[in-house]
Every structure is written in C-alpha cells, then in structure tokens.
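Colleague: I would like to go through this model slowly, one question at a time, and to see how each answer is reached. Could we begin with the words we need?

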Amino acid sequence: MDIALAILAGILVLSGLLGSILPFLPGPPLSWLGLLTIHFTTYETYSTTFLAVTFGVMVIITLLDYFIPIWGTKRFGGSRAGVLGSTIGLIVGLFFGPVGIIAGPFIGAFLGEYFVNRSEYRVAMRSATGAFIGFLLGTGLKLAFSGMAIYYFVKALF
C-alpha cells in the first residue's frame, strides 16, 4: 500500500509542477495533496504544524495567483480587457511551447487593451507589461511552492 501511495504522491507533486505553468491544472493544491498523500505512508510522517503551514501557504499563493496579474495590469494603467486578453493569450500560447507561454499573456493583454478599449499604443503596451510582470510573479510563486513540495517528497523517499 505504501508503494501505491508513494506513486500517487509522485504523480500529484509532478502534476502540481505542471499546473504551476498550465492554467487548467491547480498547481499548488495538487502539490500539497502529494505531500498529504506521502504523509500517510511509512516513508514520512509530517507534523500537523508542517501540514497546516504548507496548506496556508498554498491557499495564499493560489489566491494571489488570481489577483497579481490583475494588480499588475491595473498598476500599469490597464483595464479588464487587458487582463482578459492576457488570460486568452496564455491559453493560445500553450500551443506554441515555452515561447508561447511567456509571450502569450503579453500579446493577449496588448491586443485586449488596444482593440477593446481603443487605447493608444503606449497605454496598451504599459498594460501588457503589467500583465506580463503579474503573470511571471504568480507563476514564480507557484513554481517555488511546487518545487518545495517536490523537495520534501524526494526527501521522504530517500
């Protein structure tokens, strides 16, 4: 049973890492579920405090991931159209590999701001820059949490 749970935990933490980049997978929650799963094996028993703290951090990062791109876009003068364009750009960018994942939100925010709000070029570019910075910051936080989960998973096994 321990081996099956360890395999499930490994799948969860790796899915969490992927979910830190892919918008349709909840990265940090999957990573945390991987830690919780390995907790129920004989490989590692985490303390209640550890599980509670990592759960709290996971919730905060998950919530921040929704607000940071909005904050970045608005901070740089963008509107809801820029935020929506950034999200659509990310989804379309998935089909173009790593370059698309990075460039998609920027291009999407620019196009959303430029065409929907009839903004001038400089306003749309500032909005796109804010969305891009917000996207990178949110992704970085999710990757850091998922990387920490993988570290503790590997540490539990070896």
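Modeller: Helices, of at least four residues, and strands, of at least two, are DSSP runs, and they are numbered from the N terminus. Please keep in mind throughout that this is a predicted model.

Colleague: With that in hand, how many helices does the secondary structure of the protein come to?

Modeller: From the N terminus on, the elements run α-α-α-α-α-α. The count of strands is 0, and the count of helices in the secondary structure is 6.

Colleague: What share of the residues of the protein count as buried?

Modeller: The C-alpha atoms fill a box of roughly 60 × 30 × 20 Å, taken along the principal axes. A residue counts as buried when its relative accessible area is under 20%. Of the 158 residues of the protein, the share that meets this cut-off is 41%.

Colleague: Which residues make up the largest nonpolar core?

Modeller: In soluble globular proteins, nonpolar side chains tend to be buried together. Here the helices α1 (2–19), α2 (27–39), α3 (48–75) and α6 (121–157) each supply at least two residues of the largest nonpolar core. That core has 11 residues in all, and they are A6, A9, V13, L35, I38, Y46, F50, L51, A149, F153 and A156.

Colleague: How many residues are in the other core, the one with A109 and F110 among them?

Modeller: This other core lies apart from the largest nonpolar core, and its members include A109, F110, A124 and A131. Its number of residues is 5.

Colleague: Staying with the largest nonpolar core for a moment, which residues does A9 touch, not counting residues up to four places away in sequence?

Modeller: A9 is one of the residues that make up this core, and so are I38 and F153. Once residues up to four places away in sequence are set aside, the residues that A9 touches are G34, T37, I38 and F153.

Colleague: Is L12 buried or exposed?

Modeller: L12 is found in helix α1, and, leaving aside its neighbours within four places in sequence, it is in contact with L30, S31, L33, G34 and T37. Its C-alpha is 9.9 Å in space from that of P28, although L12 and P28 are 16 residues apart in sequence. Because the relative accessibility of L12 is 15%, L12 counts as buried.

Colleague: Which backbone oxygen does the side chain of T54 reach at 3.1 Å?

Modeller: T54 lies in helix α3, and at 6% relative accessibility it counts as buried. A polar atom of its side chain lies 2.9 Å from the backbone oxygen of F50, while T54 also touches W32, F145 and M148, not counting residues up to four places away in sequence. The backbone oxygen reached at 3.1 Å is that of L51.

Colleague: Why does E113 count as buried, and which backbone nitrogen lies 2.9 Å from a polar atom of its side chain?

Modeller: E113 is found in helix α5 (residues 97–116), and it counts as buried because its relative accessibility is 3%. Its side chain reaches the backbone nitrogen of G82 at 3.4 Å. The backbone nitrogen at 2.9 Å from a polar atom of that side chain belongs to S79.

Colleague: Is P69 buried or exposed?

Modeller: P69 lies in helix α3, and it touches L64, A131, G134 and F135, not counting residues up to four places away in sequence. P69 and S86 are 17 residues apart in sequence and 8.5 Å apart in space, C-alpha to C-alpha. Since its relative accessible area is 18% and the cut-off is under 20%, P69 is buried.

Colleague: Which element gives the largest share of the lining of the largest pocket?

Modeller: About 490 Å³ of space lies in the largest pocket, and two or more residues of its lining come from each of α2, α3, α4 (80–93) and α6. The lining has 24 residues, of which P23, D65, Y66, L90 and K142 lie nearest the centre of the pocket, and by class it has 15 nonpolar, 7 polar and 2 charged residues. The largest share, 5 residues, comes from α3.

Terms used: Residues numbered from 1 in each chain as written. Predicted model: local features only at pLDDT ≥ 70, side-chain atom pairs only at ≥ 80, totals over all residues. Heavy atoms only, no water. Core = buried A, V, L, I, M, F, W, Y, C linked by side-chain atoms within 4.5 Å. Buried < 20%, exposed > 50% of the residue type's maximum accessible area, 1.4 Å probe, protein only. Contact = heavy atoms within 4.5 Å. 1 Å grid on protein atoms, 1.4 Å probe; cavity = no way out; pocket = protein on both sides within 12 Å on 5 of 7 lines; lining within 4 Å. Points joined across faces, edges and corners; volume = space filled by probe spheres on them. Nonpolar A, V, L, I, M, F, W, Y, C, P; charged D, E, K, R; others polar. Polar contact = N/O pair within 3.5 Å; in protein donor to acceptor, adjacent residues only side chain to side chain.
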